[in-house]
Every structure is written in structure tokens, then in C-alpha cells.
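Please look through the following report with the sequence and the structure side by side. It turns to one helix, then to the confidence of one chain, and then to the contact between two chains.

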Amino acid sequence: MQTTESLTSKFLEGDIQAYECIFKMHYSELCLFATKFVSCPDTAEEIVQDLFCKIWEKKKSLHIETSIKSYLYGAVRLNCLKLIRDKKIQSKHIKEIKLNSDTISFEDVMENIELQKKIYDTIQQLPSQRRKIFELSRFENLKYREIAEKLELSPKTIENQMGKALKFIRENLKDYLKILVLLFSLK
Amino acid sequence: MENIEVLIVKYLQNHLSPKEKDEVDTWRKKNLENEKVFQDIQIIWKESKDLKYFDSDKAWKKIKPKKKKSKLIYITGFSIAASIALLFSIWHLNSDKTTNKTLEFATLDLIKEIYLPDSSKVILNKNSTITFNEKQENSREVFLKGEAFFEVKKSKIPFIVSTKTTKTEVLGTKFTVQTTKDSTFVFVEEGKVSFSELNLPEKEVILTKNDIGIFNNNKQKIEKKITTTNQFSTWYNNTLIFNHSPFLEVISIIQQKFNIQIQVENPMLENEFFSAKIRQPNKEKVFEALKLAFNCEIIKSEKGYIIR
């Protein structure tokens, strides 16, 4: 096992494997983080990919005073805010900025990202038909009736499958959600 | 209640009749567990909206730095100091048939011994990389990242070790080259070495036995020092040698090597010299030798060790 520090210093020396490792460790979380600022997922991905390209080009002059992780989160946040400020994206793509430092803490956001990842991973474990129905409903915002038409099933079946999907996800995550609520109540 | 999840979802979407809504609310109030189920599903429902998976493998293919096609060909060399782990491999880069093949050896957690095409020996330290051409007719050149010991076969063709910033040229000798983030060190064990900045070969510094050449990237200058220890070769021959070394230098090397803090509380010791040859060195062995030589006490303190 490599430590994060040695990975970071290898990356700074130009080691592509270390770069890949850091990329894969943080990519999806950073994208989720970016979507807290910009609602368009493609824009979020673009911001994160741009950042990774840039730090690779500039690795020699990079000054990472804390950890690479906090550096990346800080940079994503900054780049999102810059993009919003420069109005390069249409106002409809800008999410209401919830991340005002005095309302929501960074820890809360990280917890939220972790929860979203866990939910996503659990969805992947659903039987394929049920998963498809759930994804059409939640990711593509289709109505039950539309899903039923698309998959040639009855709306009643869709309703039942959605119930079963949520039951399964909840069963899987209930211990985690318990801790989460506990943490929230401690704050 | 049967299928409560179905009802909760409809509740969250506002698809329930007032009567059904009352039913759910009554169910929620029945006990804490029910309320918890409701809240959990509410969270999952909210957080799963527009949830997108960001595929890092796919994205990596898009942004990864372009590199010449590489493929694994064979593995050779043997471990001389098996440490913790894993990997050693040779990559075969640049497989264009008409050109000379470039070989790259890289180590992670093992020290490896390699023979170059001219049968010069290289001992490559952990986390190091060496690159050279497979066919070397009129030149003998290698590129080094990390640290390596060289035992160069005598020949009329100069043997050159390049690093990012420096060039070390020899005809036949034993020496070690170490690169760190901002410096390059060359330590000569035998023979004669020419050490220079990569682009300034005319400003060469000649190093001979027990000389250390240091090039600091920030100072952009080569310094020459004489050493009384073999601190640059301990990693491959597993022996620590002090040869009439000033006491404070000994302490600084021990601190570095074993990553410990040592405080010297007896000023008399600072004028002393130390000679020893310690095989398979560890701090206990070194401490024993120091105690024997100077009749001093070494005690453990909060921060490290105190010598007095």
C-alpha cells in the first residue's frame, strides 16, 4: 500500500501511475461535489477533468500545502464559482448556491456525497428490470405512466417495483442512515 | 402495513388521496421505527434524484497523458534485498521496428540488480527508474530517476548517466547516483568521474574516491565534498561504514538513516571522530558501537534519544 503522501510526491515527480491512482480515487466524488454548484453533470465533469489536466501540466510549479484531497476540493469549488461568476454558463444551469459557508459545512457536503455514492452503489445491486425502472423514474424523471409505456408493463407493476426498490435500498442503508442521523443530531 | 414503501413514495410525490395520506400519517405516528422508515425513504428519494454516476475509468481514458504505446515484455533481475513487496517490471517502449528499442526498468518496493547491454552492473534502489537503449554501439547512456549504484565495465566508450538536471560521465568505475526532488548526488567508490550540469559539460567537476558531488537545482551549482562514510551505499551493501568521521556528522547520518532525533548533551563528544564498520545496521547496533567507543550513555527521551 502506498501512502497518500508518497502518491502525491510521485505524482509531482511526473509518475503517471500515481496520477491515475489519484484521479480514480477522487474523480466521482469531485464530480458530485461540483454538482453542488453547477447542476449540469456534464459541466461538473468538465470542470473536474480540466482541473486534472491542469495540475498534470503544472505539476512542477504546484504547491500543495495541505493534502492533495483538500487541494482538489478547494480548486473544484473555486473553478465552479469562477464559472458561475464569468456567466459562461446559462443562468438556468446554475444551481442555487447552497454551499454558503455559514449554512452548510464542508463536512456536511462530504457526508452528502458519501450518501449519494452509497445510494448509487445500492441501486446497482437491484435486479436489472427493477433497477431500470428506478433509474428511469429518478434519473430521467419519467412518470410511472411513461415508464409503463416504455417497458410495456402496467403502471401498477411500476408502482410495486418502485416500492420494492426503495425497500431494498433502505434495508441496505439503514445502519448507515442511523449513523448519519446521529451525526446530524450531534451538531 | 402491506407495501408501505409504495404508499410513502406516492406520499412524497403528492399522489395520495387525503384518506390515504391520513393512513400514512397514522402509521408514522404509531412508533419510532415507522417514523424512521419514513424518514429514510424520504432521504433516499431526495438524494437519488438526478443522481449521476461519474465513471472514472471512462474519464481517465479521455484525459490521460499521451504516451508511446507500451507493453510488458519480460521480467528479469533478482532481488538482492527483498523488502516488503511487489513489483518489478520491464517495459518495452517505442516498439517501432526500424529504431533502437528503449528499455525501461522501474522498481517500487524492491532493490534490483540489472546488467546493461555492455555488461555494466546497475543496482537500482526502490522507487527508481532507469532507461536506456537496447543497442548501444557507439555510446553508453542511461537516464536515471531515483537512485542507483553503477559498476561500469571498462571501455573506451564513455558511460553517461543523465538525470533531469545533471550528467555524470565515466570510463570505468564504481559510483552511486541519487536524485531527489531538488538535488542530485554522486558518490564515487572507485575510480574517477566527471560530473556536470546537463547542458554545461564544460563546467565539469572531477570526483574521485570518497568524493560526493552535489548539484542543487535551486542553487544551480555543483559542490564537491569529501565523505568519511559510505552513507550513499548502505542501501545496497547493507553495511554502514564510518572512517574517522566527525562525531556530529555521524549523528546526523544516524538521524537521517533511522529517522530518529538525537540530542548531544556532552560537548566534549563533538570534537571526537568515529570509525566503525557495521553490518546490517540498525540503531541498536550503532548505539552499542558508540557506547563502546566513547563510553557514553544513550537514553530514550520524549522526542528521541539523548547522548551524554
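## A helix of chain B

In this predicted model, helix H6 of chain B has among its residues B:Phe247, B:Val250, B:Ile251 and B:Ile254, which are buried. Seen down the axis of H6(B), the buried residues fall within an arc of 100°, so they line one face of the helix. These buried residues pack against four elements of chain B, namely strand S18 (239-246), strand S19 (262-264), strand S20 (273-279) and helix H7 (283-294). H6(B) runs over residues 247-258, and because each residue should add 1.5 Å, its 12 residues should span 16 Å, which agrees with the 17 Å between its end C-alpha atoms. After H6(B) comes B:Asn259, which has a positive phi, near 55°.

## Confidence in chain A

The mean pLDDT of chain A is 82, and 84% of its residues score at least 70. Over residues 98-102 of chain A the pLDDT is below 50, and this stretch has six contacts in the model beyond near neighbours in sequence. The table gives the two extremes among the elements of chain A.

| Element of chain A | Residues | Mean pLDDT |
|---|---|---|
| helix H8 | 155-186 | 81 (lowest) |
| helix H6 | 128-138 | 93 (highest) |

## Where the chains meet

How many residues of chain A are in contact with chain B? There are 31 residues of chain A in contact with 26 residues of chain B. To the side of chain A that touches chain B, H8(A) gives the most, with 10 residues. By class, that side of chain A has 17 nonpolar, five polar and nine charged residues.

Key
Residues numbered from 1 in each chain as written. Chains lettered and ligands numbered in written order. Predicted model: local features only at pLDDT ≥ 70, side-chain atom pairs only at ≥ 80, totals over all residues. Expected span 1.5 Å × (residues − 1). Buried ≥ 20, exposed ≤ 12 C-beta atoms within 10 Å, placed from the backbone. Arc of directions from axis to C-beta. Contact = placed C-beta atoms within 7 Å. pLDDT = per-residue confidence, 0-100. Nonpolar A, V, L, I, M, F, W, Y, C, P; charged D, E, K, R; others polar.
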